[in-house]
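User: I'd like to learn how to read a structure like this one. Could you take me through it feature by feature?

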Amino acid sequence: MDYLEIEGGHTLQGNVKISGAKNAALPLLALSLLAKNEFILQNIPQVSDISTFIKLLNMLGAKVSLPSSNNTNIIEKTLIFNTQDVHNTKAIYDIVRKMRASILVLGPLLTRFGHCEVSLPGGCAIGARPVDLHIKSLQQLGADIEVNGGYIIAKATNKLQGRDIVFDKITVTGTSNVIMAAALAKGRTKIINAAKEPEVIQVCQALQDAGLQIKGIGTPEIEIEGSNGELLDFKPIHIIPDRIEAGTYLCAGAITNSHICLQNINIEHTESISAKLREIGFEILYRDSLNSQSIEILPMSRPAKAFRITTTEYPGFPTDMQAQFMALSTQCNGSSFIKETLFENRFMHASELQRLGANITIDGNVAQINGKNELIGADVMATDLRASSALVLAALVAKGISRIHRIYHLDRGYEKLEQKLNALGAKITRLQE
């Protein structure tokens, strides 16, 4: 099993290119099941969650290929998916247990074939994240669903029928699942209290570009006119930049008080993160050219200020960034407070940060971090994807050597993290236990 050995205390400098968004790529991979043509996906991040999902598509019967070398219009990190011969509609436990996002095949398989079996998902242990919202909404579209033997068994004998769907709470994967199910349904589906995340928007835009009528993209109410079972003709899709990866590198610049530039980003998608860094005292510069956008974070001579964060749905502060900001708060003067409102078990990294010397108190869903602390290198253990990156950030400023274990969590969502940080001046080595 791999682990990272990090020598702290080095200033960072330079440019880092942000990869495609894992959380946008996963529903788009599921969307390929609705294609009647070759489904071309560009800017695919090279992370293990993507590899796992592609294995799932392969097991269902999808064929995956690289673009021909003489096609100069297709850029790097591109794959072509052919799902015309998909015949298997059972997503087995051995694959699905590795990642919760596997539930995203439920809607596409059901709406295309009228039946499917999908294992209850696994993944990071950051809370229950039940699939009941997915099941309830698909039942409202006319599906018969039972959970038996650890599998969601779904049938829609007479095709799914468009209906009004009201989510009791905002769910990103639930919204994407219903959108994809409604795409081939008969009639109009209206989703109320829909997620507004950029990753959901990209699914809607891809369907719209394929000829589907969709209203309210990026709003809490989305209307979809289904194709009545007809598969769709998709245009090539370029995956949006990963706003969480971008935020993580901004925190790397902040915690080490360094000057770094992030390239291949979407400024709008990172606004809540940039705003919080400005509040702490950092200067954030935007560069917006015709073909690309970039963000710079500049070092500052005055002490970083403590802050308050409450995680919430987009466009609010993302839950996937609270661990990284907890690490950053150890280097801010005063008491910082982080309130986690979306997941009930997402402070597991706090105890590992305490091993490095952080002063953290947890009271329910609120964490108080008292800084500034001198962190000392130690052996720590990653508990989930974003906790892994928080430990890396803390190790960058810890005195001496830190070793971060169970980094398979890290590999699920960050492409070549140690290579990118080393190119900025960090001292990180990947070793084996």
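User: How much area is buried between domain 1 and domain 2, and what share do carbon and sulfur atoms give?

Analyst: Before the numbers, a word on the model. It is predicted, so local features need pLDDT of at least 70 and side-chain atom pairs count only at pLDDT 80 or more, while totals for chains, interfaces and linings use all residues. Residues are numbered from 1 along each chain as its sequence is written, and side-chain values use heavy atoms, with hydrogens and water left out.

Now the area. Buried area is the accessible area (1.4 Å probe) that two parts lose on being put together, summed over both. Here domain 1 and domain 2 bury about 2,000 Å² between them, and carbon and sulfur atoms give 49% of that. On the domain 1 side, Y314, R412 and E415 supply 33% of the area buried against domain 2, more than any other three residues.

User: Where do the two domains run along the chain?

Analyst: Domain bounds come from an automatic or database domain assignment. Domain 1 takes in 2-19 + 241-432, and domain 2 is 22-238. Their C-alpha centres lie 30 Å apart.

User: How many residues of each domain are in contact?

Analyst: Contact means heavy atoms within 4.5 Å. By that rule, 26 residues of domain 1 meet 22 residues of domain 2.

User: How many salt bridges cross that interface?

Analyst: A salt bridge is a side-chain nitrogen of Lys or Arg within 4 Å of a carboxyl oxygen of Asp or Glu. Three of them cross between domain 1 and domain 2. R412 also pairs with D49, with 2.9 Å between the closest N and O atoms. Helix 12 (385-397) and helix 13 (408-411) each supply at least two residues of the domain 1 side that touches domain 2; helices here (H or I, at least four residues) and strands (E, at least two) are DSSP runs, numbered from the N terminus. Helix 13 gives the most to that side, with three residues.

User: What does D49 do besides pairing with R412, and is it buried or exposed?

Analyst: D49 forms a salt bridge with K22 too, the closest N and O atoms being 3.1 Å apart. That pair links distant parts of the chain, with K22 in helix 1 (residues 22-31) and D49 in helix 2, 27 residues apart. Burial goes by relative accessible area: buried is under 20%, exposed is over 50%, and partly exposed is in between (1.4 Å probe, protein chains only). K22 and D49 are both buried.

User: How many salt bridges does the structure hold, and which residues form a network?

Analyst: The structure holds 19 salt bridges. One of them joins D2 and R430, with the closest N and O atoms 3.1 Å apart. D2 sits in strand 1 (residues 2-7) and R430 in strand 24 (residues 427-432), 428 residues apart. D2 is partly exposed at 24% relative accessible area, and R430 is partly exposed at 30%. Through shared partners, salt bridges join D2, D411, E418 and R430 into one network.

User: Back in helix 2, is F53 buried or exposed, and what does it touch?

Analyst: F53 lies in helix 2 (residues 48-60). F53 has a relative accessible area of 0%, so it counts as buried. Leaving out residues up to four places away in sequence, F53 touches L26, L29, A30, M99, A101, S102, L104 and V105.

User: Which residues of helix 5 are buried?

Analyst: A bit of helix geometry helps. An α-helix has 3.6 residues a turn, so residues three or four places apart point the same way. In helix 5 (residues 132-140), the buried ones are L133, H134, I135, S137 and L138. Their cover includes helix 4 (106-113), strand 8 (144-148), strand 9 (151-155), strand 10 (164-166) and helix 6 (172-183).

User: Which backbone angles should I look at, and where are the cis peptide bonds?

Analyst: Most residues other than glycine have a negative phi, and most peptide bonds are trans. In this model, a cis peptide bond joins Y314 and P315, with omega about 15°, and another joins G371 and K372, with omega about 5°. For positive phi, N193 is near 70° and N264 is about 60°. N193 lies in the loop between strand 11 (188-192) and helix 7 (198-209), while N264 lies in the loop between strand 15 (259-263) and helix 9 (271-280).
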